[in-house]
Every structure is written in structure tokens, then in C-alpha cells.
Amino acid sequence: MRATSPKANLRSAALAKRDALSEEERRAAAEKLARRGLPFEIAPNTIVSGYSPIRSEIDPTPLMRKLAEMGARLALPAVTARGQSLVFRAWSPADRLMLGSLGIPEPSPAAAEVMPDIMLVPLAAFDRLGHRIGYGAGHYDYTFAHLRKVKPVIGVGVAFAAQEIPAVPALAHDVALDFVLTERRTFDFRSA
């Protein structure tokens, strides 16, 4: 039997806290995030990628709708393969989504590929240094490393306050976020 890693244990504990939130608490948190918005100005036509929430993830759709009203262009990620960067496709809240290779809703392969300026990132847990624990496949770490070779990309974790943990055991390949937004507060890690 294989021993579980410290990250796996922290992930499980944080996901249990997230799963324990009621549907009403989840909806209220998503609306609070949308009302508060991003902690910085965005120029018209800024490309913001979000995500299709799975399991008990906080829903970024209300925030994305608000950003679209402010002139942002929206996108959603598509998983290509483990160990490769995500691909981002243009998306509008009126667009139909299809199930991708991991069963996550994503835009049609016919949608235009875009490169985001801002990435809204789901997570299992985060700490006050901007480190995150995802689901273990490394999709977002690979993607940040790949995209940031081309241009600056702002990473914004989106989570419930209950997902904060004292410390994430970050490894060399783990990419820290610039911000984390919760229903209670905004964390800015850029000067940390």
C-alpha cells in the first residue's frame, strides 16, 4: 500500500470543508465575488479565462458575466493531455458547452483559440503565500509556465474561505498565484 503525500492529505481535508458548504452558501459566495469583482482594473478586450465548476468548486460564472459587461472577452480551458498546457477557447455565457476528455464542460473545438491575460483558477486549497493545491495533474502549473514564456498572465485563484490552509508544501515546479479571491476577502500576493 502506498503512503499518501502531505499534499494529498491537505487536499482531502480542504475538499471535505468545501464539500460541507451548503448550496445556498456556495451561491451566496459566488455572488459576493461577482459584486466585489477583480482587485484591479481591466482594459477593454482583456481576455479572462474562467473554468466550468465541477464537484463543489465555487462558480466563477457570475464574476465572469460581470467582467464581460465591463468589456472583457471570456474564455474557458480545454484539457489536451496530462503534462501539457491547457488550451483556451473563446466563450460567451450564451454558448453551449460540450463534455471534454475529463468530463468537464468546455467550448467546442470549433471555438477560436485565445491566449488569456487573466486566468481564474479553481483550487482545492491555498495558503497566504499564494501557493495552491489543485487536483494533482499539474494542468495549471504547466499552463502558467508555458504562457508566461510568451506574455505576463495574472493568476487569480477563486475559492471559498474554508479552503485556506496554513501552508502548502510547494515544490519547485509549483506556480504561485498573484491573487486569491474568496467570499470574505481578496489576497494580493504580488508583493509577498
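**An open sheet, its core and its aromatic residues**

The eight strands of an open sheet are arranged in the order 6-3-2-1-7-10-11-12, and their pairing is mixed. Strand 6 (113-114) and strand 12 (186-188) form the edges. Each has a single partner strand, so one side of each lacks a neighbour in the sheet. The model described here is predicted.

Pairing can be followed along the sheet. Strand 2 and strand 3 (residues 87-90) are antiparallel and share four bridges. Within this pair, leucine 76 has arginine 89 of strand 3 as its bridge partner. Helix 4 packs on the sheet and touches strand 2, strand 3, strand 7 and strand 10. The direction of helix 4 makes about 170° with that of strand 7.

Strand 1 runs parallel to strand 2, and three bridges join them. Here valine 48 is matched with leucine 74 in strand 2. Is strand 2 enclosed or open to its surroundings? Five of its six residues are buried, so strand 2 is largely enclosed by the rest of the structure.

Parallel pairing is also found around strand 10. Strand 7 and strand 10 pair in the parallel sense, over four bridges. Isoleucine 118 stands opposite isoleucine 154 of strand 10. Strand 10 also pairs with strand 11, again in the parallel sense, over three bridges. In that pair, valine 156 faces phenylalanine 179 of strand 11 as its opposite residue. Four of the five residues of strand 10 are buried, so this strand too is largely enclosed by the rest of the structure. In a regular strand, side chains alternate between the two faces of the sheet.

The nonpolar interior comes next. The largest nonpolar core holds 45 residues. Which residues have the most contacts inside it? They are Leu38, Ile58, Met119, Leu120 and Val156. At least two core residues come from each of helix 2, strand 1, helix 3, strand 2, strand 7, helix 4 (139-147), strand 10 (154-158) and strand 11. Leucine 38 illustrates the packing. With neighbours within four places in sequence set aside, leucine 38 is in contact with Leu63, Leu67, Ile118, Leu120, Val156 and Leu181. Another core, of seven residues, lies apart from the 45-residue one. Its members include Ala124, Ala125, Ile165 and Val168.

Helix 3 spans residues 61-69. Thr61, Pro62, Leu63, Met64 and Leu67 are its buried residues. What do they pack against? Their partners are helix 2 (23-36), strand 1 (47-49), strand 2 (73-78), strand 7 (118-121) and strand 11 (179-181). Glycine 71, just after helix 3, takes a positive phi of about 105°.

Aromatic residues add further detail. The structure holds three aromatic pairs. In the pair of phenylalanine 187 and phenylalanine 189, the ring centres are 6.1 Å apart. The ring planes of this pair meet at 5°, so the pair is stacked. Are these two residues buried or exposed? Both phenylalanine 187 and phenylalanine 189 are buried. Together with Phe126, Phe187 and Phe189 form one aromatic cluster. A charged residue also sits over a ring: arginine 55 lies over the face of tyrosine 135, at 4.5 Å from the ring centre.

Technical notes: Residues numbered from 1 in each chain as written. Predicted model: local features only at pLDDT ≥ 70, side-chain atom pairs only at ≥ 80, totals over all residues. Heavy atoms only, no water. Buried < 20%, exposed > 50% of the residue type's maximum accessible area, 1.4 Å probe, protein only. Contact = heavy atoms within 4.5 Å. Core = buried A, V, L, I, M, F, W, Y, C linked by side-chain atoms within 4.5 Å. Pairing = 2+ DSSP bridges. Axes fitted to C-alpha atoms, helices over the stretch in contact; angles between N-to-C directions. Phe/Tyr/Trp six-rings, centres within 6.5 Å; stacked < 30°, edge-to-face > 60°. Lys NZ or Arg CZ within 6 Å of the ring centre and 35° of its normal.
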